[in-house]
Each structure stands twice: as C-alpha cells, then as structure tokens.
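Biologist: Hey, I'm new to this one. Can you pull it up and walk me through it?
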Amino acid sequence: MKVNKGFATLAALCASVFVVGTSEYLIAGLLPQVGADLDVSVETAGQAVTAYALGVVIGGPLMALLTSRLPRKGLAIGLMLLFAAGSAISFVAPSFGLLLVGRVVSSLSHAVFLALALVTAARVVPAERTGSAIAAVASGFTGATLLGVPLGALLGQGAGWRAPFAVLTVLSLVGTLLLAAVLPRQKAPSTRLRDEIRVVARRPVMLAIATTAVGFSGVATVFTYIAPLLTRVSGFSATAVSGLLFAYGAGSFFGNLTAGKLTDKSMSATVRGVFGGLTGTLLLVPFAVVWQPTAVAAVLVLGLLATATIAPLQGLILHHAGAAPTLAVSVNVGAFNLGAAAGSVIGGAIVAAGALRWTGLAGAVLSLIGLALASLVLPRTRTSAKDADESPIAA
C-alpha cells in the first residue's frame, strides 16, 4: 500500500510538472499568431517568453522564501491554482500587456512548484531510489518538451493561440485535484528564512548551482541553433529536421530516466559520466554535422545526454542542502533557465560572427567547466544510497 501511495504521488507530481513545463515554451511556437491578434510585432511578442523566464529566475527564489513556512501539501495546491490563474489570464488577455501579466503570474509558481515536487519525490521513496524518483517527476518536464509543446502549438495553429491556454487552465485544475487527493500531509517546515538563505550561501550549494547554469548553457549554445545548423550545414530538409528534433526529444525523455537509475547507483559517477559525455559530444558536433549519418548520431546522443544532467544535479543539491532544501532547489531550477538564456546568447554571438558550424566548440568548453565545478562538490562516497544516509533530508 505504501509503495502504491508513493507511485500515485510521483504520478500526480509528474502530471502536474508536465502541465507547468508545457506552459514555459508553448508560446514560442505561437508568436506570429499572438502578434497578429494583439497587434504587436513578432519580436515584441517574444517578450512573453522573456517575461516567463525572468519570473522563474527572479520570482522563483522570492516565492520560495515567502512560502518557506507553509505546509507542503497546501503550498503545492496553492501553487497549481496560481498557475491556473495565470493561464486563465493569458487565455482571456485582451491586450499584450495583460498577456505578460498572465505569463508572469504563471511563472511565479514554476520554480517553487518544481522544487517542491522534486523534494517531495525524494521523500516518498526509499533513500536508494531518490535518483529514480527525481527523474520520474522530471520526466513530466521532458515529456512536455517532447509532446506538450508541439501538440499545444499544433492546437494553437488550428484553433487560435488562446486555445492551448484554455486547455492548460483546465489541466492545471485537474492537476490540483490530483494533488489534493494523493499528496501526503506534511507539517510546515520548522526551518526559518535565514536557514534557507544560509543553505544557499554554502560553498558546495553555490558551486552545484553554478554547475547547473554553466553546464546546461553548453547544451543551449548548440541546441538553440540546431535547426539552422542541420539545414545549412548538414543539408537536411525542414521536414527532416522536425523528425530529428522529435528524436532529440525522445532521447531526452529516456536519457533523463536512465540517468535517474544510474544516480541511484552512484551520483558522482553519473555526474562525471554525463558531463564527460556532453563535452565529447559537443566537441565532435562541428565535425559530425558535415555528413548526414554522423549528424543524426550526434543529435541522438546529444538528446540522451542533455537532460541526463537533471537527476544527478538535483540530487547533488539535495545532498548538500540538508534540512532546508526548497530555496536551494528553486534557485537551481532557475539556474537551468539562466543556463539556457546564457547559452542562446553565446550561440547567437557565434552565429552572428558567421561561425554557425562551430557552436559545439563553445558548448564543449562550457560543459567542461561544468564538470570541473561539479568535481569540487561531488560526494566522495561511491553510492547514492550512502550519500543519502549521510544527508539530513533522508531522515
């Protein structure tokens, strides 16, 4: 019964994360429709993506601090309702300004909800299955990239850009009911605000967060411009690129789950293996893309490794965060977004310089720096079960 209850909790969290994750990038595929309907340029419409990202990076930690003393189940339900409210505002927005308001309202729940979901996942399973539990919940996010975003964009193109936001509103309310039904009741944390801040200020936690930001920026440097890379350098058609991106998403889904199982066996080896593999793959991308068969292989391997960082890096944060992990995990969620933004800027500069083919070299350097940072804080124990036994959150 306990196992079934734990499975139901993970399933509800995964489904809710899928809804939240779909919202983040959904509008990126609907910018022309948004611009035409709300009478703004496509470039201006793109600020709806920026507004959400800033809400996650800046608002996430603030929300974590403000809600640090609230009971966890009630907080999870409240955050999903906040997300539903933001989606509803976006759905009915008569102006671009109100659309931005809706996006920001939704984004304020993003980082804290993901952090809460990951921390809860780690606590409803035995210590030796922490990595798999984190990966299971995070698979909601990779599933959103694989299915939620393209299906939402397809719906938006056929029924208007508002339709996906109406669906998200309904799904978030369904997710709220699921969480209310299956989440275990937990007492309000006894940690104080300064405890949460003190945890984030710890050198190992700061280094782990920096690992996330720098390491993931290496992936984003290449992936942000992977479509023009595959069409202009590899010579694929636009249709073939769409198929390759779907394969990339499928690889990301399975890579995340596989990394979760490997993290259960050894967090340290998984972090080193993933970042080492990313460094090598990104280094080879400029040479692989000149021949279509090797370009396909590079995309598939990159997909497998890109999200394989999630479970071990979040596990690393939990290992060092002790009894006050919520703010630290929230900041780490923001670090993924920050890494994506930084990588797109770096990749953009390289593309603007006429070196589209060579974005992989910059990505490899960033991934290698991420590996170096991680090496400074990886636990010395050989298995994550032992790591968890030494961590206060396992109690």
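**Helix packing, a cavity and a ring pair**

Modeller: Sure. Helix H7 (residues 130-159) packs with helix H12 (residues 238-265) at an angle of about 170°, and their axes are 7 Å apart. Keep in mind that this is a predicted model.

Biologist: Which way do H7 and H12 run relative to each other, roughly parallel or roughly antiparallel?

Modeller: Roughly antiparallel, because angles over 145 degrees count as that.

Biologist: OK, and which residues of H7 and H12 meet?

Modeller: On the H7 side they include Thr130, Gly131, Ser132, Ala135 and Leu146. The H12 side includes Phe246, Gly249, Phe253, Asn256, Lys261 and Asp264.

Biologist: How does the contact of H7 with H12 break down by class?

Modeller: There are 8 nonpolar, 11 polar and 2 charged residues in it.

Biologist: What about H7 and H8, at what angle do their axes cross?

Modeller: Roughly 130°, and the axes of H7 and helix H8 (residues 162-182) come within 7 Å. That crossing makes H7 oblique to H8.

Biologist: Which residues make that contact between H7 and H8?

Modeller: H7 brings Gly152, Leu155, Gly156 and Ala159, while H8 brings Ala163, Pro164 and Val167. By class, the contact of H7 with H8 has 5 nonpolar and 2 polar residues, with no charged ones.

Biologist: Switching topic: how many cavities of 30 Å³ or more does the structure hold?

Modeller: It holds 2 of them. The largest cavity has about 50 Å³ of space.

Biologist: What lines the largest cavity?

Modeller: Val222, Ile226, Leu229, Leu230, Val285, Val289, Ala295, Ala298, Val299 and Leu302. By class, that lining has 10 nonpolar residues, no polar ones and no charged ones.

Biologist: And which helices supply at least two residues of that lining each?

Modeller: Helix H11 (226-233) and helix H14 (292-306) each do. H14 gives the largest share, 4 residues.

Biologist: Last topic, rings. How many aromatic pairs are there?

Modeller: The count comes to 5 aromatic pairs. One of the pairs is Phe223 with Tyr248, which is stacked, at 4.4 Å centre to centre and 15° between the planes.

Biologist: Where do Phe223 and Tyr248 lie?

Modeller: Phe223 lies in helix H10 (residues 203-223) and Tyr248 in helix H12, so the pair ties together parts that are 25 residues apart in sequence.

Biologist: So H12 comes up twice. What were its two roles again?

Modeller: H12 packs with H7, and H12 holds Tyr248 of that ring pair.

Conventions
Residues are numbered from 1 along each chain as its sequence is written. This is a predicted model: local features need pLDDT of at least 70, side-chain atom pairs count only at pLDDT 80 or more; totals for chains, interfaces and linings use all residues. Side-chain values use heavy atoms; hydrogens and water are left out. Axes are lines fitted to C-alpha atoms, for helices over the stretch in contact, and angles run from 0 to 180 degrees between N-to-C directions. Contact means heavy atoms within 4.5 Å. Ala, Val, Leu, Ile, Met, Phe, Trp, Tyr, Cys and Pro count as nonpolar, Asp, Glu, Lys and Arg as charged, and the others, Gly among them, as polar. On a 1 Å grid over the protein atoms alone, a cavity is a set of points where a 1.4 Å probe fits but cannot get out, and a pocket is an open set with protein on both sides within 12 Å along at least five of seven lines; lining residues have an atom within 4 Å of a point. Grid points are joined across faces, edges and corners, and a volume is the space filled by probe spheres set on the points. Rings of Phe, Tyr and Trp (its six-membered ring) pair if their centres lie within 6.5 Å; planes under 30 degrees apart count as stacked, over 60 as edge-to-face and the rest as tilted. Angles under 35 degrees count as roughly parallel, over 145 as roughly antiparallel, 65 to 115 as roughly perpendicular and the rest as oblique.
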